[in-house]
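Here are some exercises to work through with the model open in your viewer. Try each task before you read its solution.

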Amino acid sequence: MRSQLEFYMEEIRGRVYRMYELAGHAFMRSIEAFKELNPEISHEVQKISDEIEELGIKIEDNVFETIVRRQPVASDLRALASYNFVSLHLYRIGRYAYKVAHIAELAKDLKHYKELESIPLMAKLAKKTLDIAIKALLEGDLSEIDKLEEMEAQSDKETVAMFEEIIGFLKKMSGITSMSMYYIIVGRYCERAADHAFSIAERAIYVHTGKRRKLGLAYKGQADEGPH
């Protein structure tokens, strides 16, 4: 029979998983909204972002209540503190989705002057990073953690390539300054979403091993230095 502590921790894990589902979905839909410059998708994303924020508040309340009432120790306390930490990262990813959706609205009367390739790829890498990190956190499966560093290096290279491509277009085309700025900002949000997923992965390692490990060092220095 499960203890009261186990019951409440399972409930919190369920809410963290739901928050991950919403944040990942909202972020990918926001990229779709920007790619299609579609206000309807933007509105959908903004509503989901509100749900994410409400869920984050519930998780925080649940964590504090469980700590006070059930007085967990050792690995349980470490896990509870981490769930609250992770909900903050998921909230930030939800906010990036909101901001990308807002940019899609601002740009609705503009046109893409190039095929959108780098941003969707960077978004997919960020989403894949998040998938691996949450699986590690909630299922204790750390088998794919080492893949994350290679994915981060790939994302960094893609970011640099995108910046260089935009500079090339700015040199030969006029009237593209606003859309170029939007490309750079949205690309930056993709990069930041991946950073938050990375932090979740580091927390997953801490939850399941009790050891702190800094990720992102294996390929450090192998990607070109970008303007970020």
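## Exercise 1: a network of charges

Glu144 is buried, with a relative accessible area of 17%. This is a predicted model, so every value here is computed from it.

**Task.** Find which residue forms a salt bridge with Glu144, and give the distance between the closest N and O atoms.

**Solution.** Start with the general idea: side chains of opposite charge can pair when their charged atoms come close. Here the partner is Lys147, and the closest N and O atoms are 3.1 Å apart, which is within the 4 Å cut-off for a salt bridge. Next, compare the surroundings of the two residues. Glu144 counts as buried because its 17% falls under the 20% limit, whereas Lys147 is partly exposed at 44%. Finally, widen the view: Lys135, Asp141, Glu144 and Lys147 are linked in a network of salt bridges. The structure holds 15 salt bridges.

## Exercise 2: two more salt bridges

**Task.** Work out where the partners lie in the Arg13–Glu10 salt bridge and in the Glu165–Lys114 salt bridge.

**Solution.** Take Arg13 and Glu10 to begin with. Their closest N and O atoms are 3.0 Å apart. Both residues lie in helix α1, three residues apart, or about one turn of the helix. An α-helix has 3.6 residues a turn, so residues three or four places apart point the same way. Arg13 is partly exposed at 22%, and Glu10 is partly exposed at 39%.

Now turn to Glu165 and Lys114, whose side chains meet at 3.2 Å, N to O. Glu165 belongs to helix α5 (residues 147–172) and Lys114 to the loop between α3 and α4 (118–139), so this pair ties together parts that are 51 residues apart in sequence. Glu165 is partly exposed at 31%, while Lys114 is buried at 11%.

## Exercise 3: classifying ring pairs

**Task.** Decide whether the Phe7–Tyr8 pair is stacked or edge-to-face, and do the same for Tyr96–Tyr189.

**Solution.** A pair of aromatic rings is described by the distance of the centres and the angle of the planes. The structure holds six aromatic pairs. For Phe7 and Tyr8, the centres are 5.3 Å apart and the planes stand at 80°, so the pair is edge-to-face. Phe7 is partly exposed at 40%, as is Tyr8 at 27%.

For Tyr96 and Tyr189, the centres are 5.3 Å apart but the planes are at 25°, so this pair is stacked. Tyr96 lies in helix α3 (residues 74–106) and Tyr189 in helix α6 (residues 177–209), so the pair ties together parts that are 93 residues apart in sequence. Both residues are buried.

To finish, look for rings that have further company. Ring pairs link Phe34, Tyr113, Phe169 and Tyr183 into a cluster. The charged end of Lys172 sits over the ring of Phe169, 4.9 Å from its centre. Similarly, Arg95 lies over the face of Tyr98, 4.6 Å from the ring centre.

## Exercise 4: the setting of Ala101

**Task.** Determine whether Ala101 is buried or exposed, then list its contacts beyond the neighbours within four places in sequence.

**Solution.** First locate Ala101, which is in helix α3. Its relative accessibility is 0%, so Ala101 counts as buried. Then, leaving aside neighbours within four places, Ala101 is in contact with Ser30, Ser42, Val45 and Gln46. As a last step, check Tyr182, 81 residues away along the chain: its C-alpha and that of Ala101 are separated by 11 Å.

Terms used:
Residues numbered from 1 in each chain as written. Predicted model: local features only at pLDDT ≥ 70, side-chain atom pairs only at ≥ 80, totals over all residues. Heavy atoms only, no water. Phe/Tyr/Trp six-rings, centres within 6.5 Å; stacked < 30°, edge-to-face > 60°. Buried < 20%, exposed > 50% of the residue type's maximum accessible area, 1.4 Å probe, protein only. Helix = DSSP H or I, 4+ residues; strand = E, 2+ residues; numbered from the N terminus. Lys NZ or Arg CZ within 6 Å of the ring centre and 35° of its normal. Contact = heavy atoms within 4.5 Å.
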